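Student: I'm new to this one, and I'd like to know where the descriptions come from. Can we go through it together?

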Amino acid sequence: MKKVYLDYNATTPLDLRVKQVIDRFLVNSYGNPSSLHWAGAEARKGIDEAHSIVAGSFGVSPDEIVFTSGGTESANLAIHGILGNLQKSGHVITSSVEHHAVLEPLQTLAQIGRIELSHLRVDTKGRLNPDDVVRLIREETALIAVMYANNETGNLFPIETIGRIARERKIPFFCDGVQVAGKRAINLGRLPVDLFSFSAHKFYGPKGVGGLYVRKGLKLKPLIEGGAQEMKRRGGTENVAGIIGLAQALKVSLEEMEREKARLKRLRDLLEERIRSIPGACIYGDLENRLENTTFAGFDRIDSETILIALDRHGIAASNGAACSSGTLEPSHVLMAMGFSEREAKGAVRFSVGRFTTEEEIHTVGEKLPEIVSHLR
């Protein structure tokens, strides 16, 4: 049975060009980057080069990049790093469709009384209105946290407008960029964003490594203490090979970005054409302003787990939303926020194509999916 992988928003396969670079560092540059001898110096040089590559890709300075264990840690570092400096209870604005890596730490802080939390609503297409940000701002607002691209619908949000609103009022603005890094050219030197998270395994790099852009001059309380690494912003011996792999993966992704965007859009549109031919099927989200690789579909009268199991039996990998929430049997909080019923929110399936997806694979899914839906019904 030929296997088809359409879950690139959950994670991407490791690009062999990235693996080659990682292997060299795993075997040859094994020193602790904090050591003063030659082995440590080799490892330190690799990390310094990675800082320069990533910073250059984002249009910022190397000392504005902090390497972490991934997007979730980066989000927690941004949130706790800013709010940990508060001397009294503060106020935070976020959207109702953020990833759980953002929503859960904010909800925890709200529950213990450290912050008051306001949620930006979205419409039935999952779109945000920047005017709502202005309406929600208070004198004690200490942070605005809004993602760049939604991991379920693929919707792109008005980050530049929200960033300008925040900057005019001198409120730190954190943008979860995990789903957009490597898929868009992001110039953080020009974009009015103060903190921006990213994760290597979303752009064909290794798992377990990510980063956070921290605008120069912004005071950030460390989340992990116990060392002076990453300019005292993230303690612990660095994941040298992972960091090198992240930098290489980002570099390759941006070099191939424009060509890939057009190819992925063509594959996504071909898949959606087949989905729309299925009675009772629909595509969720802002179809005019979203990532080229993402399709969030609903199938009337069938829950997502049932469809996913059936797809898997045919060798087709998809998901029902965020990988961090899979297996919980909870309805999509994104669709619930968009105004859909719990039944509809439990029936959504996310297909996400990527670098190694072929047109033949899309045709295979296009042939199997109508049969699967019909059989299940």
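Tutor: Sure, and let's start with a word we'll need: contact means heavy atoms within 4.5 Å. Keep in mind that this is a predicted model.

Student: Then what does A281 touch, leaving out residues up to four places away in sequence?

Tutor: A281 touches I275, G298 and F299. In each case heavy atoms lie within 4.5 Å, so the word "contact" applies. A281 itself sits in strand β9, residues 281-284.

Student: And how far is A281 from E98?

Tutor: Their C-alpha atoms are separated by 25 Å, and along the chain the two residues are 183 apart.

Student: On to helices. What makes α1 and α8 roughly parallel or roughly antiparallel?

Tutor: Start with the angle: helix α1 (residues 16-28) packs on helix α8 (residues 240-255) at about 155°, with the axes 9 Å apart. Angles over 145 degrees count as roughly antiparallel. That is why α1 is called roughly antiparallel to α8.

Student: Which residues make that contact?

Tutor: From α1 there are R17, V18, V21, I22, F25 and L26, and α8 brings V240, A241, I244, G245, Q248, A249 and V252. By class, the residues of this contact are 10 nonpolar, 2 polar and 1 charged. The crossing of α1 past α8 is right-handed.

Student: What about α2 and α8: why are they called roughly parallel?

Tutor: The axes of α2 (residues 38-58) and α8 cross at roughly 30° and come within 9 Å. Angles under 35 degrees count as roughly parallel, and therefore α2 and α8 get that label.

Student: Is the crossing of α2 and α8 left-handed or right-handed?

Tutor: Left-handed. On the α2 side, the contact includes A43, G46, I47 and A50, and on the α8 side L246, A247 and L250 are among the residues. This contact divides into 13 nonpolar, 2 polar and 1 charged residues.

Student: How do you know what to call the G46 in that list, polar or nonpolar?

Tutor: Gly is counted among the polar residues, so G46 goes there.

Student: At what angle do α3 and α4 pack?

Tutor: Helix α3 (residues 71-83) and helix α4 (residues 100-111) pack at about 35°, and their axes are 9 Å apart. Their crossing is right-handed. T72, A75, N76, I79, H80 and L83 of α3 meet A101, V102, P105, L106 and L109 of α4. The classes here are 8 nonpolar, 3 polar and no charged.

Student: Last topic: how many cavities of 30 Å³ or more are there?

Tutor: A search of the whole structure finds 1. The largest cavity has a volume of about 220 Å³.

Student: What makes it a cavity rather than a pocket?

Tutor: In a cavity a 1.4 Å probe fits but cannot get out, whereas a pocket is open. Of the 19 residues lining the largest cavity, G182, K183, Y204, E260 and L264 are the closest to its centre.

Student: Where does the largest share of that lining come from?

Tutor: From helix α9 (residues 257-276), with 4 residues. By class, the lining of the largest cavity has 8 nonpolar, 5 polar and 6 charged residues.

Notes:
Residues are numbered from 1 along each chain as its sequence is written. This is a predicted model: local features need pLDDT of at least 70, side-chain atom pairs count only at pLDDT 80 or more; totals for chains, interfaces and linings use all residues. Side-chain values use heavy atoms; hydrogens and water are left out. On a 1 Å grid over the protein atoms alone, a cavity is a set of points where a 1.4 Å probe fits but cannot get out, and a pocket is an open set with protein on both sides within 12 Å along at least five of seven lines; lining residues have an atom within 4 Å of a point. Grid points are joined across faces, edges and corners, and a volume is the space filled by probe spheres set on the points. Helices (H or I, at least four residues) and strands (E, at least two) are DSSP runs, numbered from the N terminus. Axes are lines fitted to C-alpha atoms, for helices over the stretch in contact, and angles run from 0 to 180 degrees between N-to-C directions. Angles under 35 degrees count as roughly parallel, over 145 as roughly antiparallel, 65 to 115 as roughly perpendicular and the rest as oblique. A crossing is left-handed if the near helix is turned anticlockwise from the far one by less than a right angle, and right-handed if clockwise.
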